[in-house]
Amino acid sequence: MADIPVYMVVNLTVTDADEYRRYEKGFFRFLKKYGGSFVTLDDNPIALEGVSPREGRMIIFSFPSEQAGRDWYADEEYQALSEYRRAGTKLEFLTMVRGMQPRG
C-alpha cells in the first residue's frame with residue numbers, strides 16, 4: 001500500500017511577532033527534513049457556510065505520509081523550536097488530516 005499524504009491545518013493568532021518570527025525562521029528546515037510542502041497561509045479566511053474560522057492565521061502544509069508528519073512533530077529539535085511559536089502565538093489547533101486513498 002502506498003503512503004497517503006497528510007495535511008496539517010493550523011489556526012493561530014500571533015501575539016508576539018518577534019517570538020513567532022524566530023519560529024518561522026527555523027520552520028522550513030524541519031518541513032524540508034521530513035519531505036513536507038508548504039501549501040498556503042491566510043490571515044483573513046472566508047467562511048462560506050457554518051461557523052467562521054477563529055480569528056487569526058490559517059496555515060496548511062503537507063507531508064508525504066502520516067509517519068513523516070508524526071516524525072516531524074516528534075523531532076526534539078523541532079519541539080525546541082516550537083517553544084518560540086508557543087511563546088509568540090495563541091494556538092487554536094494544529095490538526096493532522098489524512099489524505100484519501102487513490103481511487104481507481
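# Questions on a predicted fold

Student: E66 is partly exposed. What is its relative accessible area?
Tutor: This is a predicted model. Buried means under 20% relative accessible area, and exposed means over 50%. E66 counts as partly exposed because its value lies in between. The relative accessible area of E66 is 25%.

Student: Which side chain meets E66 in a salt bridge?
Tutor: E66 lies in helix 2, and its partner is four residues away in that helix. That spacing means about one helical turn separates them. The N to O distance in the bridge is 2.9 Å. The partner is R70.

Student: What is the relative accessible area of R70?
Tutor: R70 is partly exposed. Such a residue must lie between the limits of 20% and 50%. For R70 the value is 43%.

Student: How many salt bridges does a search of the whole structure find?
Tutor: The bridge between R70 and E66 is a salt bridge. E83 and R86 also meet in one, at 3.0 Å from N to O. The search of the whole structure gives a count of nine.

Student: In which helix are E83 and R86 three residues apart?
Tutor: Being three residues apart, E83 and R86 are separated by about one helical turn. E83 has 47% relative accessibility, so it counts as partly exposed. R86 has 32% and is also partly exposed. Their helix is helix 3.

Student: Which residues do salt bridges that share partners join into one network?
Tutor: A network arises here where salt bridges share partners. The residues joined are E24, D43 and R57.

Student: D18 forms a salt bridge with which residue?
Tutor: D18 sits in helix 1, about one helical turn from its partner. D18 is exposed because its relative accessible area is 52%, over the 50% limit. The partner, at 40% relative accessibility, counts as partly exposed. The closest N and O atoms are 3.0 Å apart, and the partner is R21.

Student: What pattern does the chain follow, read along the sequence?
Tutor: The chain has three helices and four strands. Strand 4 covers residues 89-98. Helix 2 covers 66-74, and helix 3 covers 76-88. Read along the sequence, the pattern is β-α-β-β-α-α-β.

Student: Is D75 buried or exposed?
Tutor: D75 lies in the loop between helix 2 and helix 3. D75 touches F30, K33 and Y34, leaving aside residues up to four places away in sequence. Its relative accessible area is 9%, which is under the 20% limit, so D75 is buried.

Student: How many aromatic pairs does the count come to?
Tutor: Two rings pair if their centres lie within 6.5 Å. By this rule the count comes to 12.

Student: What kind of aromatic pair do Y23 and Y78 form?
Tutor: The ring centres of Y23 and Y78 are 6.2 Å apart, with 65° between the planes. Y23 is in helix 1 and Y78 is in helix 3, so the pair links distant parts of the chain, 55 residues apart. Both residues are buried. Planes over 60 degrees apart count as edge-to-face, so Y23 and Y78 are edge-to-face.

Student: What is the angle between the planes of F61 and F63?
Tutor: F61 and F63 are both buried. Their rings form an edge-to-face pair, 5.9 Å centre to centre. The angle between the planes is 80°.

Student: The charged end of which residue sits over the ring of Y23?
Tutor: Y23 belongs to one aromatic cluster, with F61, F63 and Y78 among its members. The charged end lies 5.6 Å from the centre of the Y23 ring. It belongs to R85.

Student: Which residues form a nonpolar patch on the surface?
Tutor: One member is V97, found in strand 4. V97 counts as partly exposed because its relative accessibility is 38%. Together the patch has about 300 Å² of accessible area. Its residues are Y7, V39, I60 and V97.

Student: What share of the 104 residues is buried?
Tutor: The accessible surface of the chain is about 7000 Å², and 52% of that belongs to carbon and sulfur atoms. The C-alpha atoms fill a box of roughly 45 × 40 × 15 Å. Buried residues make up 30%.

Definitions and conventions. Residues are numbered from 1 along each chain as its sequence is written. This is a predicted model: local features need pLDDT of at least 70, side-chain atom pairs count only at pLDDT 80 or more; totals for chains, interfaces and linings use all residues. Side-chain values use heavy atoms; hydrogens and water are left out. Patches are made of residues with over 30% relative accessible area and no salt bridge: like charges are joined within 9 Å, nonpolar side chains (Val, Leu, Ile, Met, Phe, Trp, Tyr) within 5 Å. Accessible areas come from the Shrake-Rupley method with a 1.4 Å probe; for residues, only the protein chains shown count as cover. A salt bridge is a side-chain nitrogen of Lys or Arg within 4 Å of a carboxyl oxygen of Asp or Glu. Helices (H or I, at least four residues) and strands (E, at least two) are DSSP runs, numbered from the N terminus. Buried means under 20% relative accessible area, exposed over 50%, partly exposed in between (1.4 Å probe, protein chains only). Contact means heavy atoms within 4.5 Å. Rings of Phe, Tyr and Trp (its six-membered ring) pair if their centres lie within 6.5 Å; planes under 30 degrees apart count as stacked, over 60 as edge-to-face and the rest as tilted. A charge sits over a ring if NZ of Lys or CZ of Arg is within 6 Å of the ring centre and within 35 degrees of the ring normal.
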